[in-house]
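Trainee: I have not worked with this structure before. Could we go through it by question and answer?

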Amino acid sequence: MFRKISPPVLLLLPAIMVLVAVVLFPLLLSLYSSFTPFRLTKPASLFIWAGFRNYERILTDWVFWAAFLRTVVLLTIALNLEMLLGLGLAMLVNKATYGKRALRTAMMFPMMFSPVLVGFQFKFMFNDNVGLINNALQSLGLTDQAIPWLIDGNLALFAISVAEIWSSTSVFAILILAGLLAMPQEPVEAARVDGCTPWQTFRYVTWPFLMPFAYIAMTIRSLDIARAYDIVKIMTDGGPARRTELIWTLVGRTAYADAQMGLATAMAYISIILSIVFTIYFFRKLAAARTQIGAEW
C-alpha cells in the first residue's frame with residue numbers, strides 16, 4: 001500500500017495526519033454541531049439535526065447584533081488610534097539620533113504582556129475606589145468624586161479601548177518603522193529639492209510607501225480585535241448589563257454559562273465569516289497600495 005505513495009507524500013503523511021486530527025476534525029465537528037440543538041447538559045442532543053434553526057435565531061437576535069455592533073465600534077476606534085499613535089512612535093524612533101535599538105526594544109514591551117495580565121492591570125487602574133486613574137484625577141483636582149469607569153457602560157467600553165490600544169499600538173509602530181527603515185531616501189531628497197514642505201513630503205512621498213505596512217498591521221489587528229475576549233472578560237465580563245458584551249464574550253457565555261454549544265458555534269461561524277470579510281477588504285487595500293508603489297517608484 002505505502003509503495004504506491006510517492007516519497008514526498010509519504011514524508012508529509014505524519015504532518016497531514018496531525019493536521020486532520022488537530023485542525024480538520026474539530027473544525028468539521030464544530031460546523032456540524034452548529035446545525036444541532038447541542039447542549040452541554042444533554043450530550044445526546046448532538047445527534048439531533050436542527051437544520052438552520054440556530055442561524056435563523058441568530059439573525060433575529062438583537063443581543064448578538066448589539067455585540068457585533070460594539071465589536072465593530074471597538075475595532076474602528078482601536079485601529080484608527082493605534083495606527084496614528086504607531087505612526088507617530090515609528091517616526092519619532094526613526095528620527096532619534098541615539099539609542100534606536102533601546103527605543104525599538106522598549107516599544108515592543110506592551111505586546112509582550114499576556115492579554116489576561118493587561119486586563120488585570122487596567123482593571124486595577126480603572127477601579128473606582130483604589131484605581132490609579134481616579135487617584136490621579138482627584139489629586140490634580142480635576143474631579144472631586146470617583147468616576148465609575150467599569151460600572152458605566154460607555155466609560156467601560158472606553159476603558160477597554162484604552163487597554164487594547166496600549167497593548168497593541170506597538171504592532172503598528174514596529175511594522176511602520178520597518179517600512180521607514182526600508183524606504184529609499186532618493187524620492188524624499190528629490191521632494192525637498194523641489195521645494196515640498198515636510199507635510200507635502202510625508203503626504204505624497206512617505207505615506208504611500210508606508211501604506212502596505214499599515215494595511216498589514218490593520219489586517220493582523222482587525223482579526224485580533226474581532227476575536228477579543230481576554231481583556232473584556234477580565235475587566236468587565238461583558239457588563240454592566242451586557243453594555244460591553246462583544247461577539248466572542250457572548251459566544252463564551254452562550255457556550256459555557258448557558259450550555260448552548262450548538263447556538264454558540266453558529267455564532268462563532270457567523271463571526272468568522274465577518275472576520276473574513278474584513279480580511280478580504282484589507283488585503284484588497286494592500287494590493288492596491290503595492291500596485292501604486294510599483295507604478296510610482
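Trainee: In which helix is Leu28 found?

Mentor: Keep in mind that this is a predicted model. The helix to look at covers residues 7-33, and Leu28 is found in it. That helix is α1.

Trainee: Is Leu28 buried, partly exposed or exposed?

Mentor: Buried means under 20% relative accessible area and exposed means over 50%. Leu28 has a relative accessibility of 48%, so Leu28 counts as partly exposed.

Trainee: Which element gives the largest share of the largest nonpolar core?

Mentor: In soluble globular proteins, nonpolar side chains tend to be buried together. Here the largest nonpolar core has 48 residues, and Trp207 and Met235 have the most contacts inside it. Elements that give two or more residues to this core include α3, α7 and α12. The largest share, 11 residues, comes from α9.

Trainee: Which residues is Trp207 in contact with, leaving aside its neighbours within four places in sequence?

Mentor: Trp207 is one of the two residues with the most contacts inside the largest core. With those sequence neighbours left aside, the residues in contact with Trp207 are Met83, Leu87, Phe202 and Ala214.

Trainee: How many residues of the lining of the largest cavity are charged?

Mentor: The structure holds 1 cavity of 30 Å³ or more, and about 70 Å³ of space lies in the largest cavity. Its lining includes Phe68, Thr71, Ser271 and Phe278, and α3 and α12 each supply at least two of the lining residues. The lining divides into 7 nonpolar residues and 3 polar ones, and the number of charged residues is none.

Trainee: Which residue meets Arg253 in a salt bridge, and is that residue buried or exposed?

Mentor: Side chains of opposite charge can pair when their charged atoms come close. The side chain of Arg253 meets that of Glu245, at 2.9 Å from N to O. Arg253 is partly exposed, with a relative accessible area of 21%. Glu245 has a relative accessible area of 1%, so the partner, Glu245, is buried.

Trainee: Which residues are linked with Asp224 in a network of salt bridges?

Mentor: A search of the whole structure finds 9 salt bridges. One of them joins the side chains of Asp224 and Arg227, at 3.1 Å from N to O. Asp224 counts as partly exposed at 28% relative accessibility, and Arg227 counts as partly exposed at 49%. The residues linked with Asp224 in the network are Glu82, Glu164, Arg221 and Arg227.

Key
Residues numbered from 1 in each chain as written. Predicted model: local features only at pLDDT ≥ 70, side-chain atom pairs only at ≥ 80, totals over all residues. Heavy atoms only, no water. Helix = DSSP H or I, 4+ residues; strand = E, 2+ residues; numbered from the N terminus. Buried < 20%, exposed > 50% of the residue type's maximum accessible area, 1.4 Å probe, protein only. Core = buried A, V, L, I, M, F, W, Y, C linked by side-chain atoms within 4.5 Å. Contact = heavy atoms within 4.5 Å. 1 Å grid on protein atoms, 1.4 Å probe; cavity = no way out; pocket = protein on both sides within 12 Å on 5 of 7 lines; lining within 4 Å. Points joined across faces, edges and corners; volume = space filled by probe spheres on them. Nonpolar A, V, L, I, M, F, W, Y, C, P; charged D, E, K, R; others polar. Salt bridge = Lys/Arg side-chain N within 4 Å of Asp/Glu carboxyl O.
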